[in-house]
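Subject: Structure for you to look at, with notes

Dear colleague,

Here is the structure I promised to pass on, and below it are my notes on what was found. Please read them with the structure open beside you.

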Amino acid sequence: MIRQYELIDKILKYNKKADVSLLNRAYVFSMKAHGNQKRASGEAYLTHPLEVASILADLKLDDATIATGLLHDTVEDTLATIEEIEKLFNPEIAQLVDGVTKLSRISFNNKVVEQAENFRKLFLAMSKDIRVLLVKLADRTHNMRTLEFKKKEASRKRTAQETLDIFAPLADRIGLYSVKTELEDLAFKSLHPEEYVRIERRMEFVKTHDDLIPRTLEHLESVIKEQGIEFDLSGREKTIFSIYKKMEKKGLAFDQLTDILAYRVMVKDTVDCYRVLGVIHDAYKAIPGRFKDYISNPKPNGYQSLHTAVIGPYGNRIEVQIRTQEMHEIAESGVAAHWLYKQENDQAVNEGTQYKWLKQLLEVIQSSEDPEEFLENTKLDLFKENVFVFSPSGDIISLPTGATPLDFAYAIHSEVGHKCQSAKVNGRIVPLRTQLHTGDQIEIVTNKAQAPVPGWREIVVSARARTAINRYLRLQERDEQVRLGREIFEKACKREERKVKDSDLAPVLDKYKLENAEEYYAAVGQGRLFPKQAFELIFEPEVEEKTEEDSINYAKRKDVSEQESAIGIDGLISGMAVHMAGCCNPVPGESIVGIINTGRGVTIHRKDCNNLNQFEDQPDRWISVKWNEGQLEEVEDRAFLVRLRINMVNQPGSLSELSTAVFNANVNICDFHIERKVTDSFDIRCDVEVKNVENLDHLMKVIRNLPSVNLLERLQG
């Protein structure tokens, strides 16, 4: 473990103006805050912030960033507060600590949502100050170095996978090559320990028993020396994880790899970079398609270098990187390479928004409503390699590998994407799903009448495009839900003989915590709320003030399934009270039978009702009845209750799809309940009002044809 005085000595070696008093105060505060806390390894917790600060010092970062490294866990894991840190230190350090701190004091029901919201907060903070990400990467690096002390294997695997999916790609995006490769190797070691050890042993064997590498270095050095160019030549081993990825991608065994080492040539200026490239291509046979010029077209993280692959002097394939010393510093440390220069020149240190990818990520965050969708899209964007394409004016646009002209259109602007009708690649009209390649020139043809369609989501690969399309479609879907919900509600008002204005919905909005009437209508259109619930809230207080006659009439309207008149049923004695059985809910057109109940009149059951079994030994209670269709047709808005159970696929839009189908079948939903919900599906108990058996049969056919419906059954006693 590094000691505080050793940390200070390390910092003073590259920054003689360091505020030692500030750093010592941060150390003391962290020591007191963490007190007797222990890590999983059994060490004092203070060892962790000290090691994080040491990693930041290795990157030669400023005082505020290193102080944040010492303090980064105090708010999350102790009783310390952001306000306390701001008072004892300064607003700058308080803001950095807050950016690194997780949302640990907010309760989440879903672990994925919690993870997504934590990353959303981190990305927002680092867009304001990139140093938040530097501290977070240092924190993750030390946690990965000590991952073996976590007791639960599942927890270790989850942390390792998260590191591969998010943190290593983020380190790559800001040019921290050393951090990126260490995180990848540590994560790979945890996820695939056997493969890691096997590759590690093979590499050690090759280094100690194969003289090809030193002989190649010697030959390459002699070729460049002949041209009188000042240079420094070295060999760099490829990382274990990068070797594994290459073996997986190309289906190769380790023995088939011929390039486990890359050769690096360092020269004094850009001109010499291209001179060395010419020398190497003149001396050795270049491998087609393997030359990349990152000097004229830098990577999004600022990386610059020339890459080429050639057949070496002994028939072996070799990879060569050519760069200047300044390019090398940026290649190894990325944004951190600028920090000492900035301190010496008293320039601002806020560099977050200089990265186009970070600006685009911020746009994705701001337009994403679903945290899980945001996290998944971000993973896809960070993990993919990039292609570099050109606009007609010559601007370079960086896109994920596999990107299409539609991704390019959204990279220009979301409105260009929305109105994209067709595209030209290198002057030729191509389908929107065409994959782009580095060097392509793209021209987008727009049309005001064009609009995104659901199929576009299958065409794009970038988070920015997918988020913009999803947001547009959600807004369009919401407008349709509001329209549908309003129609359903107005129809229910007509049936109940009620007049309801938007302003009358205040108690409904208050109960269900809705912003406005539109939100209520959208909820009705989605099938989450029903008019009956609104009527109970709006009119129930008035019941006591009504006359007895009004109350009886209101009760009849409120529950027609329990208080039916004899209209529409033949075979009954005049004046006999009639009730529709709630167990089977018969509807016109079905075979029915009446059961006499002493003091309550007659209950009408379907002839196939299970509850009729209990009356088999009481034949004197049975009455032969049938529907009088002529009389029923004379009564407007007559509706009969039917209870259904539906098993549906658990996916976004299922409920909206169901409510739309029911409405289009000219049927009203009067009650709704989710009985059981699992990962892949859920069961719904749904009460609907139908006019007759034909109306019911049509409804059930419509529901069964929905792609999200697995099973439909009519419930009865």
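How many salt bridges does the structure hold? The count is 25, and please keep in mind throughout that this is a predicted model.

Let me begin with a few of those salt bridges. Lysine 136 pairs with aspartate 139, with 3.8 Å between the closest N and O atoms; the two residues are three apart in helix H9 (residues 131-145), which means that about one helical turn separates them. Both partners, lysine 136 and aspartate 139, are buried.

Arginine 486 and aspartate 502 also form a salt bridge, their closest N and O atoms again lying 3.8 Å apart. This pair links distant parts of the chain, since arginine 486 belongs to helix H22 while aspartate 502 sits in the loop between H22 and helix H23 (506-511), 16 residues apart. Arginine 486 is partly exposed at a relative accessible area of 29%, and aspartate 502, at 35% relative accessibility, counts as partly exposed as well.

A further salt bridge joins arginine 645 to glutamate 713, where the closest N and O atoms are 3.3 Å apart. Because arginine 645 is in strand S18 (residues 640-649) and glutamate 713 is in strand S21 (residues 709-714), the pair ties together parts that are 68 residues apart in sequence. Both ends are partly exposed, arginine 645 with 27% relative accessibility and glutamate 713 with a relative accessible area of 33%. Elsewhere, salt bridges that share partners connect Asp62, Glu92, Asp129 and Arg131 into one network.

Next come the aromatic residues, for which the structure holds 11 pairs. In one of them, the ring centres of phenylalanine 535 and phenylalanine 539 are 6.1 Å apart and the ring planes stand at 40°, so the pair is described as tilted. These two phenylalanines both belong to helix H25 (residues 531-539), where they are four residues apart, about one turn of the helix. Are they buried or exposed? Phenylalanine 535 has a relative accessible area of 8% and is therefore buried, the limit being under 20%, and phenylalanine 539, at 7% relative accessibility, likewise counts as buried. Together with Phe489, Tyr520 and Tyr521, they form one aromatic cluster.

Phenylalanine 539 also has a charged neighbour, in that the charged end of arginine 498 sits over its ring at 3.9 Å from the centre. In another such arrangement, lysine 511 lies over the face of tyrosine 512, 5.6 Å from the ring centre.

As for the nonpolar cores, the largest has 69 residues, and within it Ile85, Ile93 and Leu137 touch the most other members. Leaving aside residues up to four places away in sequence, isoleucine 93 touches Leu22, Ala64, Ala67, Thr68, Leu71 and Ile85. Another core, of 36 residues, lies apart from it and includes Met580, Phe640, Met648 and Val667.

Finally, I would draw your attention to arginine 464, which lies in helix H22 (residues 463-495). Although it carries a charged type of side chain, this arginine counts as buried at 17% relative accessibility, and the side chain of arginine 464 reaches the backbone oxygen of alanine 411 at 2.9 Å.

With best wishes

Terms used. Residues are numbered from 1 along each chain as its sequence is written. This is a predicted model: local features need pLDDT of at least 70, side-chain atom pairs count only at pLDDT 80 or more; totals for chains, interfaces and linings use all residues. Side-chain values use heavy atoms; hydrogens and water are left out. Rings of Phe, Tyr and Trp (its six-membered ring) pair if their centres lie within 6.5 Å; planes under 30 degrees apart count as stacked, over 60 as edge-to-face and the rest as tilted. Buried means under 20% relative accessible area, exposed over 50%, partly exposed in between (1.4 Å probe, protein chains only). A charge sits over a ring if NZ of Lys or CZ of Arg is within 6 Å of the ring centre and within 35 degrees of the ring normal. A nonpolar core is a set of buried Ala, Val, Leu, Ile, Met, Phe, Trp, Tyr and Cys residues joined through side-chain atoms within 4.5 Å. Contact means heavy atoms within 4.5 Å. A polar contact is a pair of N or O atoms within 3.5 Å; within protein, one must be able to donate a hydrogen and the other to accept it, and residues adjacent in sequence count only if both atoms are side-chain atoms. A salt bridge is a side-chain nitrogen of Lys or Arg within 4 Å of a carboxyl oxygen of Asp or Glu.
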